[in-house]
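Thanks, everyone, for letting me take a few minutes of the meeting. Please have the sequence and the structure open while I talk, and stop me whenever a residue is hard to find.

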Amino acid sequence: MAHTQEALYSNKIFLNAALPLVKVIANDVPSLKKKFEKTQAIIQVSCLNPDNKEQGKEGMHFIVNNGEWLVHTCLNPDPDIELEFKTMEALNGFFKGNITLGAIPKIRGMKKAGTLVSFVMVLLKMAGLLGATEPPKDEAEKELLVKCYFYLLSSGISQLNKMGHAGIKDWTSKSPDRVYAWAVNGYPQISAYLRIKAGKSRAGRGEYKRAMPFFTLRFDSLDSALGILMGTADMLAYTREGKLIMDGAPEFGAQIGAFMLEIGDLAK
């Protein structure tokens, strides 16, 4: 089956950039973290893909060991729990909120039904956060949402580069060794970065500490960050008002902003 380029990009964003946020949410939300304190399981999300001649599908998995999560952006041969979608498009549709009968995954692993229910609760939390149209009122929720957005954007841009996305690949291939970062004043724990050099890219969580980033998209508050990240505020207006600070040349802000919008479109 031939897939559109958009479907391929979206699938990679969900499997390798969005779903790894499950670890963040399961660790940062106390009520969810408690559910995995005594869990030992391999949990996989996959979709069938006949074009993958070797394995016949695409996927990623988590290894959960008493509350500690490891994320692997590859298939596991023997998961305890698996959510398997019929097609790449079905997986994309499910995580975009277009839940139809055809988008419901086949579920394996009912012997660990309790863990399955807990995992689905984390997925629902992730969907609720990333699909929200208004910022949360709770401070902790705001922190979590901004963190998830930063991680999604940095990882998403890197994933598209690795897939040969024309615009992003052209940008990275001409670049010397540079680090681009996202940050919020007063919240050093909420930050992410993207390192690029000669066509290669690597996304990272937290502050980049080996050197000063070449360019940082910095916000004066969580609310300002959410205004831009959720698409409810104007970037130029926020820049004039000092709510969005571009630590570097403005043209790099416009470039990063365009890639951010593309990741947002692919994930919604």
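I will go through a few places in this model one after another, beginning with how confident the prediction is.

What we have here is a predicted model, and the protein averages a pLDDT of 93, with 98% of the residues scoring at least 70. Among the elements, strand β3, residues 68-72, has the highest mean pLDDT, which is 98, while helix α10, residues 250-266, has the lowest, at 88. As a general caution, where pLDDT is low, the predicted coordinates should not be read in detail.

Let us turn to Glu82, which you will find in strand β4, residues 81-85. Is Glu82 buried or exposed? Glu82 has a relative accessible area of 6%, and because buried means under 20%, we count this residue as buried. Which residues is Glu82 in contact with, once its neighbours within four places in sequence are left aside? They are Gln44, Ser46, Lys57, Lys106, Ile107 and Arg108. The side chain of Glu82 makes a polar contact of 2.6 Å with the side chain of Ser46, and another polar contact, of 2.7 Å, joins the side chains of Glu82 and Lys57.

Now take the other end of the first of those contacts, Ser46, which sits in strand β1. Ser46 is buried too, with a relative accessible area of 0%. Apart from its neighbours within four places in sequence, Ser46 is in contact with several residues, among them Lys57, Glu58 and Gly59, and also Leu83, Phe85 and Leu91.

The next stop is helix α4, residues 88-95, which is where Asn92 has its place. This helix is mostly covered, since six of its eight residues are buried, namely Met88, Ala90, Leu91, Asn92, Gly93 and Phe95. What covers these buried residues includes α1, β1, β2, β4 and α5. For Asn92 the relative accessibility is 5%, so this residue counts as buried, and if we do not count residues up to four places away in sequence, Asn92 touches Ala7, Ser10, Asn11 and Phe14. After α4 comes Gly97, which has a positive phi, near 90°.

Now for a pair of helices. Two packed helices are described by the angle between their axes and the distance between the axes. Helix α7, residues 166-173, packs with α10 at an angle of about 145°, and their axes are 11 Å apart. The crossing of α7 and α10 is left-handed. From α7, the contact is made by Gly167, Ile168 and Trp171, and from α10 by Gln255, Ile256 and Phe259. Sorted by class, this contact has four nonpolar residues, two polar ones and no charged ones.

Finally, a word on backbone angles. Most residues other than glycine have a negative phi, and most peptide bonds are trans. Asn66, which is not a glycine, nevertheless has a positive phi of about 50°, and its place is in the loop between β2 and β3. Ala198 likewise has a positive phi, near 50°, and lies in the loop between β7 and β8. How do these two residues compare with the cut-offs for burial? Asn66, at 41% relative accessibility, counts as partly exposed, whereas Ala198, with a relative accessible area of 53%, is exposed, because exposed means over 50%.

Note on methods:
Residues numbered from 1 in each chain as written. Predicted model: local features only at pLDDT ≥ 70, side-chain atom pairs only at ≥ 80, totals over all residues. Heavy atoms only, no water. pLDDT = per-residue confidence, 0-100. Helix = DSSP H or I, 4+ residues; strand = E, 2+ residues; numbered from the N terminus. Buried < 20%, exposed > 50% of the residue type's maximum accessible area, 1.4 Å probe, protein only. Contact = heavy atoms within 4.5 Å. Polar contact = N/O pair within 3.5 Å; in protein donor to acceptor, adjacent residues only side chain to side chain. Axes fitted to C-alpha atoms, helices over the stretch in contact; angles between N-to-C directions. Left-handed = near helix turned anticlockwise from the far one by under 90°. Nonpolar A, V, L, I, M, F, W, Y, C, P; charged D, E, K, R; others polar.
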